[in-house]
Amino acid sequence: MALRLRLKVSSIGSPFLQLGSSATAAFSFSQPCSLPKLAFHPPRLQLNKNSHPIRFLVRAGRTESKGVTLGFRAPQFQLPEPLTGKVWTLEDFEAYPALLVMFICNHCPFVKHLKKDIVKLTKFYVEKGLAVIAISSNSVATHPQDGPEFMAEDAKLFDYPFPYLYDESQDVARDFGAVCTPEFYLFKKDGRRPFELVYHGQFDDSRPSNNVPLTGRDLSLAIDRVLSGQPVPSEQKPSVGCSIKWHPRKKF
């Protein structure tokens with residue numbers, strides 16, 4: 001007998017799996033960030049002629065940026081840009097007073113929700129002297145839609161005003177302590193001193209389906225302060241998004 005599965009994605013929240021009919025199973029995770037590490041083995045299902053259809057309800061996990069201390073120095077990196085083939089390093093931005101590093105990807109609904117406004121905000125501040133890069137570290141083994149060829153298409157489609165770099169090894173994500181997409185790191189540079197982290201927070205309060213207008217307020221206020229030489233408040237709301245998709249069996 002053929003088994004028909006209906007997949008439904010509801011509102012964002014802690015991930016769980018619910019089986020319809022008379023059988024119900026729920027799974028809750030106290031730390032959504034650890035979801036990519038789980039080895040989940042679905043139960044074996046035996047059906048007979050009188051079995052009811054089975055419905056799966058899946059909610060996407062949400063992860064908050066965390067664990068990085070302000071004052072943290074920007075790690076060295078050497079990453080390719082799929083759109084142009086150019087390899088970028090931290091030294092390419094030494095002449096800039098500030099650097100915004102964003103961990104994003106193609107598929108995440110949290111990134112898609114912000115994408116057009118990220119482009120607007122970064123275009124505005126690039127003209128004011130801000131250096132910007134975006135990095136995708138997701139595993140193509142589990143999420144091929146985040147691979148370099150699709151990154152290049154995305155960068156061209158949305159006219160990214162920044163290099164969109166591919167972290168195939170995921171070493172750069174680990175060096176930064178990145179855990180989710182989108183995740184924002186704003187570094188400032190004083191003279192010959194290294195880039196130091198001054199903001200590691202959210203874009204704004206808007207989330208998919210929460211009906212809060214997109215403004216980019218939190219990030220733009222931090223950038224304004226850095227470019228004008230003012231201190232950035234240390235009280236910052238974490239960014240919320242999809243967990244970075246680590247390579248299978250690769251621990252973080």
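What share of the 252 residues in the protein chain is buried? In this predicted model, buried residues make up 44% of the chain. The accessible surface comes to about 14100 Å², and carbon and sulfur atoms contribute 52% of that area. The chain is built with four helices and 13 strands. Among contacts with a separation of 6 or more, 76% join residues that stand 24 or more positions apart.

A good place to start a tour is helix 1, which covers residues 109-126. Its 18 residues reach 25 Å from the first C-alpha to the last, close to the 26 Å expected at 1.5 Å a residue. Even so, helix 1 bends by about 50° at Lys115. Lys115 is also one of the buried residues of this helix. The others in that group are Phe110, Val111, Leu114, Ile118, Val119, Leu121, Thr122 and Tyr125. A general point helps in reading such a list: an α-helix has 3.6 residues a turn, so residues three or four places apart point the same way.

Aromatic rings offer a second way into the structure, which holds 13 aromatic pairs. One of them joins Phe176 and Phe187, with ring centres 6.1 Å apart and planes at 75°. Because an angle over 60 degrees counts as edge-to-face, the pair of Phe176 and Phe187 falls in that class. Phe176 belongs to helix 3 (residues 171-176) and Phe187 to strand 11 (residues 183-188), so this pair ties together parts that are 11 residues apart in sequence. Both Phe176 and Phe187 are buried.

Strand 11 takes part in another pair through Phe184, whose partner is Phe203. Here the centres are 5.9 Å apart and the planes meet at 35°, an arrangement described as tilted. Phe203 sits in the loop between strand 12 (196-199) and helix 4 (217-227), and the pair thus links distant parts of the chain, 19 residues apart. Phe184 and Phe203 are buried as well. Ring pairs also build a cluster, made up of Phe72, Phe103, Phe176, Tyr185 and Phe187.

Rings can have charged neighbours too. Lys86 lies over the face of Trp88, at 3.8 Å from the ring centre. At Phe195, the charged end of Lys189 sits over the ring, 6.0 Å from its centre.

The backbone has some details of its own to look for. Between Thr181 and Pro182 the peptide bond is cis, with omega near 0°. Pro182 is found in the loop between strand 10 (180-181) and strand 11, the strand that holds Phe184 and Phe187.

Two residues other than glycine have a positive phi: Gln170, with a value near 70°, and Asn211, with one of about 65°. Gln170 is placed in the loop between strand 9 (164-166) and helix 3. Asn211 is in the loop between strand 12 and helix 4, where Phe203 is also located. Is each of these residues buried or exposed? Gln170 has 0% relative accessibility and therefore counts as buried. Asn211, at 74% relative accessibility, counts as exposed.

Note on methods
Residues are numbered from 1 along each chain as its sequence is written. This is a predicted model: local features need pLDDT of at least 70, side-chain atom pairs count only at pLDDT 80 or more; totals for chains, interfaces and linings use all residues. Side-chain values use heavy atoms; hydrogens and water are left out. Helices (H or I, at least four residues) and strands (E, at least two) are DSSP runs, numbered from the N terminus. The expected span of a helix is 1.5 Å times one less than its number of residues. The bend at a residue is the angle between axes fitted to the seven residues ending there and the seven starting there. Buried means under 20% relative accessible area, exposed over 50%, partly exposed in between (1.4 Å probe, protein chains only). Contact means heavy atoms within 4.5 Å. Accessible areas come from the Shrake-Rupley method with a 1.4 Å probe; for residues, only the protein chains shown count as cover. Rings of Phe, Tyr and Trp (its six-membered ring) pair if their centres lie within 6.5 Å; planes under 30 degrees apart count as stacked, over 60 as edge-to-face and the rest as tilted. A charge sits over a ring if NZ of Lys or CZ of Arg is within 6 Å of the ring centre and within 35 degrees of the ring normal.
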